[in-house]
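Q: I am new to this structure and should like to learn how its features are read. Please guide me through some of them.

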Amino acid sequence: MSWLERKKKPAYSTVAGTVEDVTNRIGKQVRAAWKPPANMTVSEWSDAYRMLPPEASSQPGKWRTSKVPWMREIMDAYKDDRIDRIVMKFSAQMAKALALDTPIPTPNGWTTMGDIVVGDMVFGKNGKPTRVVLVSEVFQGHRCYAVEFSDGEVIVADAGHLWETKSERYGTRVLTTEQIVKRGVKTGVRNNFSVALAEPLECAPITQSIAPYSLGVWLGDGHSYSGQITLHENDAPDILRHVNERQEVVHRTDTGVLTIALGRRDPAEVCRRGHRLAETGRTKSGYCAECGRQAAMASKWGRARKDAPDSAAMAFSDRLVALGLMRNKHIPAPYLRASSEQRLELLRGLMDTDGTCGKNGRCSITLTNRRLAEDVVELIRSLGLKPRMAERKTRCTYLGERVEGVAFITTFMVYADMPVFHLARKAARQPSRKGRRTSEVFQRRIVAIREVKSVPTRCIGVAAEDHLFLAGRGMIPTHNTEGILNMIGYTMDMAPEPMLLMLPTGGLAKTWIKDRLDPTIRDTLPLREKVRNQEKDKFAGNSKETLVHKNFPGGHFTAIGGNSTAETSMRPVGKIFVDEIDRIPLSIGKNGQVEGDPFLLVEKRGNTFWNRKSVVAATPTVLGISRVDELWLESTMERFFLPCPHCGALQVLEFKNLTWPENKPQDAKYQCAHCPEMIEDRHKTEMMESGVWLAEHPERVTCRGFHMNEMYSPWRSFGQIAQAFISAKRGGLEKLRVFVNTVLGECWDEKREKTVDVEGIQDRGENYGAEVPMEACVITAGVDVQPDRLEVLFMAHGVGQERWVLALPDDQGRPIAPVQLWGAPQQPDVWRELDKLLQRQWTHASGRKLPLSCALVDSGDGNTSTFVYKYTKARQKYRVFSSKGSSNPTAPLSTTPTQSNEHRATLYSIGTNAAKSILDDSIRMVPIPGPSYTHFPAGLSEEFYRQLRAEKATIKYRSGVKYVVWEKVRERNEVLDCAVLNIAAFSILDVKDIATMLAELKSGLKKRGK
């Protein structure tokens, strides 16, 4: 054999051919196996290839349409080229559950998971306040775990609770508690999973009598029984330069230790209660004239003496007493929810006096007061840092005797870009980030998970774009449509073309890509092979395109926000998906130019495609306004019919047929609409397999619409739905509205066409038996500012948003509401009269006196707003605030306040449409006393009720989209405006324990033997 022949001969061969031949043949077989047949439907493709990633599903693994048989028809309709639009009007999803006693931080302090209601504000992972939009019933019997973190925080959660975790082995994923347990919390001694720290809490600045840094210095080195501090002379100049108080050295030792008195008042300028004598004058005896007047009024009328308008003029020690700090060192609650800069200044005052920075750059602060130490830990956490507190026994010699005690040492790591010292010698030790591994500083490790006895749990949904909210004293971030994902995956693999997904905001679009689409592509082999890895693709361009744009052979996929004008006017696409359309803005535009409904703008981008299709999904909102409901009414209007397991008759599962024994909703069963037999949860699976979609309008072949509620869910029992209904009904109209939208998947019917005449409301007048009835305990006021007067209306509030209009007697004893204070707002006399009225104490049916809890003064009139700001600025500590109605028809009842006016007064933006709807619903839809009912005192004038019903709800159109506005039907409407302010004021108070307050009032009544 020649050399050339030997060279051509393969070095290795088999019966089947060369290794190369075998490899090529196997490769072709593998590729052929993964290539779907051309006639596959979406459901068949999903069953063959779709994988549910752990980040996006509580039951990860292979997709099985048999588990959700109702989705088969919907997904397969996507392939029908005759259909232009698919509409899905479904109930909502919820987050997973935490124990009822889990502490939840809010902008107003702390609450618990068990006390949260819809509309409450909590904090998102980004530190910004976010509104609670969904609240579940209380779950019983769930498997529960205690999750322990590296900073000592422990949270009890159920097995299905979702955590956004980071791991070197698994990457960044959203995992359930049970999935973390199965993967293993530890590998050897190393903790596998961590949870990122939250960003610093974003709160509005507060106005307090003591500056934050000055308070921190006193808490660190102050005398607990006086307004004095002790410093060394070397540190005193550096520290006192930042103390916003008058200072005087009263004692010095030989070793250079100084005792310094802070904020001593000048008796020649200010009285001991803080009144400036140049303004108030003196009595003949030389005392403060204002204090004398108040003492006389207190003696004659029993009125409480009020503090000075300028509390900062009081002596420092008096201000400490007013804050409850004298001999009781702690951080007052308002300071823990001050702005981030104010909280940082407070921490600097503490660290300059009692803090240190070690050679390794780690900061620590040592305190002997447990409550103060715990407050400092919360303060540090609220700034986005990770403190850890430890107890140490201490010993010292005092007056010749050995004394033992306990010290609380709090340590945390922070870098020089966030200085926690003003004192130069300490600040110099804070290290730079450069050259350091900083990742551990900004995350908590999960160190242990142990199963515990099952406890009642509950879950909430929040409006934050990433659905995360902060839970636990450690403020740990915790989490909150598969059919659309299957359609997108099918298009990428089987029928590639340009696709677009629109969500309410751009942030939600990025989150959806990260949490839903990317894990699906990673775990579904055909998609992983076809979709280009944008993170490694040099051709991709910038990082923004990488996150929201995916390329694949023959097409591309883009996710956008419905709030962006630029994103809704890009290149054409053939397949359009719109999720949560009811939350997408009514119209978009910039610089005063309105471009129209973003959904319609996006749909026009598919006009050039012969097989264009749009898929719309959402939870409905209000009847007549909900866009998903409007689109569904234009469709085939299909519902899922199930056969009765007893008689075989087809029927739609409707809530009205759900029955249960009295006081036992957990035993609920479904009454068949065609026979006397009861349907139980165990029948659901068999019924689902034989279910069928039936259309009310089958002739509308180009638009198929599907509607389904939560009663079909195999993961929700009839008993759980019944319990959710009872909980919602007890919580009033707002919770009932959420139940109708999110559980039943129905629109809330506000029945605007049905009116209540004035005489009908006037007949509801009743005798309370006291100024404030027994079932109310929180007093609010709304002040409407007119050019020649102030109109003041008071309301009392009870459990479940039940409210009572309060009236005062005139000279003849007739009830008057609202009270009119005559005088132009530009004149100080009318504001002094308002002071007297707001300081009034109300007699409760128990015999006790109740003060005003909160008042809102309308500043919407541009001619009088500056006077309103000036008035409320000086009275904010008494919870008297400025307010202004929002021009946004869909604005929430109240939002985070601002201080962007000339007087830096706290200003709340009020969703007047929301408040008027609440009041209107309570009058028309709640006929008997109880949650959400509005009571009126007997004897009010007819004019009161005419003003109360001075506006009606009207449906308007903006760029073809419906929304509700309230329009006047008569000129005068001051009563309605005042009532709106009262409803908003109660919302701002965020009262959690009304039932407890009422119980205390009633118990006091029993003790007196009345």
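Q: Is helix α27 mostly covered or mostly open, and how many of its 13 residues are buried?

A: A residue counts as buried when its relative accessible area is under 20%. In this predicted model, eleven of the 13 residues of α27 are buried, so the helix is mostly covered. Among them are N913, A915 and K916, as well as the run from S917 through I918, L919, D920, D921, S922 and I923 to R924.

Q: How far does α27 reach from its first C-alpha to its last?

A: A helix is expected to rise 1.5 Å a residue. Helix α27, residues 912–924, reaches 18 Å, close to the 18 Å expected.

Q: At what angle do the axes of helices α3 and α15 cross?

A: Angles of 65 to 115 degrees count as roughly perpendicular. The axes of α3 (residues 42–49) and α15 (residues 482–493) cross at roughly 90° and come within 9 Å. That makes α3 roughly perpendicular to α15.

Q: Which residues of α3 and α15 meet?

A: From α3, the residues are V42, W45 and S46; from α15, they are N486, M487, G489, Y490 and D493. By class, this contact has four nonpolar, three polar and one charged residues.

Q: In what order do the strands of the open sheet with β37 lie, and which are its edge strands?

A: An edge strand pairs on one side only. Here the order is β37-β38-β39, with antiparallel pairing, and the edges are β37 (658–659) and β39 (678–679). Two bridges join β37 to β38, residues 669–671. Across this pair, T659 stands opposite K669 of β38.

Methods:
Residues are numbered from 1 along each chain as its sequence is written. This is a predicted model: local features need pLDDT of at least 70, side-chain atom pairs count only at pLDDT 80 or more; totals for chains, interfaces and linings use all residues. Side-chain values use heavy atoms; hydrogens and water are left out. Axes are lines fitted to C-alpha atoms, for helices over the stretch in contact, and angles run from 0 to 180 degrees between N-to-C directions. Helices (H or I, at least four residues) and strands (E, at least two) are DSSP runs, numbered from the N terminus. Angles under 35 degrees count as roughly parallel, over 145 as roughly antiparallel, 65 to 115 as roughly perpendicular and the rest as oblique. Contact means heavy atoms within 4.5 Å. Ala, Val, Leu, Ile, Met, Phe, Trp, Tyr, Cys and Pro count as nonpolar, Asp, Glu, Lys and Arg as charged, and the others, Gly among them, as polar. The expected span of a helix is 1.5 Å times one less than its number of residues. Buried means under 20% relative accessible area, exposed over 50%, partly exposed in between (1.4 Å probe, protein chains only). Two strands pair if DSSP finds at least two bridges between them.
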